[in-house]
Amino acid sequence: MTLNLLDRFAERARAVPDAVAIEASGIERSYGALQRRAMAVTYALREAGCVPGDRVAVWTSDRTALVAVMLGVISAGAVFVPLEHDAPAERLRQRLGRLRARVLLHDAHTAQAAREHLADAGAHTCDRIAIPGDDGVTHEFRAAITHPATNAPAYIYFTSGSSGQPKGIVGSLAALADRIAWEIEAFSVQPGTRCSQLVTATFDPWFRDIFVPLCAGGTIVIPPDYPSRLEPERLLEWLRDARIELMHCGPSLINALVSAPARIRRLPPLRTVLSSGETLHVSLVRRWRRRFGPGVELVNLYGATEATMAQFCHRVEAADTTRSFIPVGHPLPGVKVQLIDRVGAPCAPGETGEILVGGHSLSLGYCDDREATERAFVRHGADAQEIYYRTGDLGIEYEPGCYRLLGRIDDQVKIRGVRVEPREVEDALVGYPLIASCAVVARPDRNGEPSLVAYVVPETPYAPAIPEMRTYLRERFPPQYLPAAFVILKALPLTATGKVDRQRLPDSGTVSAPLADVMVPPRNALEAALAQHWRDILGLPEIGVEDDFLDVGGHSLSAMRLASAVSEAALGELSLLEIFDHRTIAAQAALLQTRSTGDVLPVHGAQALCAPAAYPAPPAAARSERPPSVPARCGHRRCNLVLVLGPDVDRDSLERAARTVAEIDDRIDARVVADVPGWDAGLAPLPTLVVSPGLLRHRPAMPAQVCCGFPLAKSEEYRILERAGIPVSKWVVLEDGVQPDLSGFGAYVVRKPDYGAKGAEVRIVRRERVRWKPVVTSAAGPSPRLLVQEFVYTGAWPVSYRVNTLFGRILYSLVITANQARQPLRGPEDFDARGDARKSVSIVSNARDSTAAFCTDEDIIALGERAARAFPDLPLLGVDVLKSALTGQLVVTEVNSIGHNWNFGPEFAAAMRVDVERQFDGVRRAALILAQETHLRVGPSDWVAGDRDPPVTADA
């Protein structure tokens, strides 16, 4: 399909002059009106003496006018050069000085500023013209207008300058038309299609936003403000209300949209999103599909401005979410590709090399820089006659005709003698759970040696722990690839074109952790020892004794490690609650010092009355009755309880629990709130406990102690359980390239991902056939590790037990039995029938066709409660227990911390055919536990004997 952009637009304007060409803030401009204004610009330039080839700089903040100006400049045969409307004065001075423009077109109200910028740039021969309206163009001029040659210079776009002085790239209409024609045909863009205009005008994909709709007879729809100034939620509202069907943008904007509050989950008119400018990561694709569904097609485009917008295209499919990368795909029609090695020789199949792009859509080179043009545009091929552009990007042809982008040559750095590509680390890190986006760059360390710094934007207000991120990367890379520092940011700085601005990333030494305003160094040996443990566990270079544990990235798991480290170093004993109650090194040292002198701190009265030492499991008889009542003196301090409603939690039962808490103890103000940004339950400024059944994605606006679900790797679970003396089935970590020692295991073992495994992702494998295999889970994406676990034979049909707990106390317990219509498993090695669909066996008891009933086995329930108490700050836990049919031994196989553990709604009862609330009066029991925990955690700190308020009693 050949296309002349200006002729096609003129045809549309003649055929449908009243059709809407541009819509902005409710104001519509027709094709006819747009053509008239473009002609007015052409007329003004001709009147000013402009001739074909003259450069015309355009400085305007009017995005509607800019479209007409561009059409008018190019129709005059001049070269269109857009300038950033909000650029600093120094940048405008440099651009205007280098450009040697014949004319500067500007808004009428910026005439004085335009005059000053030209004077500062020394551009005394450049005329200033205010952008004209659409009046004053004679019929004779319209009839006489002729369009310029399509292979002549038509526009100049400047590079970002990230690798040095910005270079001006000269493009032609012919090359541009190839790309526009391809998109219209490939994505069936029809007359009337509504296309968003989100790309900044100084980034060449802006031409896609303009010419695709204009040449197809569609409408350019401009948002009320620049996307960088709009809140993502407001931009989503605009996309919905403006009925956008086709959108061009970068991955950074896609990330902002999926990270916005989840009020808008569907954009019904939107059909296609074309992403370009940065790497599109698998994790971002998964998040997009989870939120907006598979109905919106995502397209990954890759290319260089020097070769005219995009040169590769990949239409993202569901299968791509199981990869570790999103391909850049196949070359566009007419694009020629070469991969060359370091010496310029063609790469062998499957070998990494620099991407060279050729074909008739190359740009015309760099403006006024012949030397740079000759370096970048080289002769290559069999006869060395074809021109190719050297992109500087590394790629690989991983399948015939299909390519993967691996990073940039100039980003590579040698660290301790090893050549490292930071983008590889970035690609891996962005796949870690709870990371929305990240950037990894090389920076000199304190000794001047290069090292990597990772800048991480969390998906939720709770930043991933640095040690876990380091462990995650250590599983994948050699030591030289591990970042020396991690910096947590709210957002990555972006360039005007929407790419990550790596030059503006802050110094890692200034923001590596939100430390106190004035760092107080350790003042004695005990504080110094504690500080060393804090640094080791939290991955911080420095720490002050007054820095808050939570503020510097601490959480439940790191608190567990700290408690263990303090004990192993013989410094004393700290419980998790004590770590969270004494959140500074100074406070922890004082507590340990007091104990070492024998002056044990008194326990608060209310805590002594309310808190059993280790929450011993109540006897089965007591569980079958109503829960015990709240001790009379627990409620002597007013406090708040906030229950957070997540996307998978039944609202009715959670609200019933809140009401029941208030009935049990009227000193507790209990509320249910939705998990949205900046939520505030409107509570009085009292001590507050926040409990979320799942992962809490937005911090409360008020001060509070927070207990919520947290994603745990199974290896982490098992280590914690083993330290607590809980029996778990034998296990080892399976790593790439390392064969584990399975000598103590049976003939068959279970292989499963370390993160996020579901039943379908668990495999039974013969012991001698165990090998590393990359696994992508549906819940958490690629698992960095696999586990090999001893197979526990539970009988002819698999049986498992689930004990669901709240703060270590049972809510209900189920026994789940596999479908007995299936082939029985006659022993722990009876897997000979696998592979025969008629005789295949299952080791999963909780499949859809399984049956569930109440579990009343006291030993199983007690074990489940003990296991849950090993995680004292994770409120709702589902503990999975197996019982060996051969030995009767009980083992814990999993602790679910962010799964569906609040199951008192009708959906769970319908799915499992059992009403779990009936077993132990579930919601009321939960309310009693919540009332007790509220007082234990935030209630007793100022309780004093003799409080004049009457005691609160409750008939539970």
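**Exercise 1.** In this predicted model, decide whether Ser451 is buried or exposed.

*Solution.* Start with the relative accessibility, which is 11% for Ser451. Next, recall the cut-off: a residue is buried when its relative accessible area is under 20%. Ser451 therefore counts as buried. To place the residue, look along strand β24, residues 450-458, where Ser451 lies. Finally, try the C-alpha to C-alpha distance from Ser451 to Val441: the two are ten residues apart in sequence and 8.3 Å apart in space.

**Exercise 2.** Find the residues with the most contacts inside the largest nonpolar core, then list what Trp206 touches.

*Solution.* The largest nonpolar core holds 84 residues. Inside that core, the most contacts belong to Leu71, Phe80, Leu105, Trp206, Phe207 and Leu214. Now take Trp206 and set aside its neighbours within four places in sequence: its contacts are Leu66, Val67, Met70, Phe80, Tyr157, Gln197, Val199, Thr200 and Ala201. A second, separate core has 55 residues, among them Leu526, Ala559, Val728 and Leu874.

**Exercise 3.** Work out the strand order of the four-stranded open sheet and name its edge strands.

*Solution.* The order is β27-β26-β28-β29, with parallel pairing. β27 (668-674) and β29 (705-709) each pair on one side only, and these are the edge strands. From one strand to the next, the twist averages 15°. Now zoom in on one pair: β28 (residues 688-695) joins β29 over five bridges, in the parallel sense. Here Val691 stands opposite Cys707 in β29. To finish, add helix α27 (residues 922-938), which packs on the sheet and touches β26 (639-645), β27, β28 and β29. The direction of α27 makes about 120° with that of β26.

Notes:
Residues are numbered from 1 along each chain as its sequence is written. This is a predicted model: local features need pLDDT of at least 70, side-chain atom pairs count only at pLDDT 80 or more; totals for chains, interfaces and linings use all residues. Side-chain values use heavy atoms; hydrogens and water are left out. Helices (H or I, at least four residues) and strands (E, at least two) are DSSP runs, numbered from the N terminus. Buried means under 20% relative accessible area, exposed over 50%, partly exposed in between (1.4 Å probe, protein chains only). A nonpolar core is a set of buried Ala, Val, Leu, Ile, Met, Phe, Trp, Tyr and Cys residues joined through side-chain atoms within 4.5 Å. Contact means heavy atoms within 4.5 Å. Two strands pair if DSSP finds at least two bridges between them. Axes are lines fitted to C-alpha atoms, for helices over the stretch in contact, and angles run from 0 to 180 degrees between N-to-C directions.
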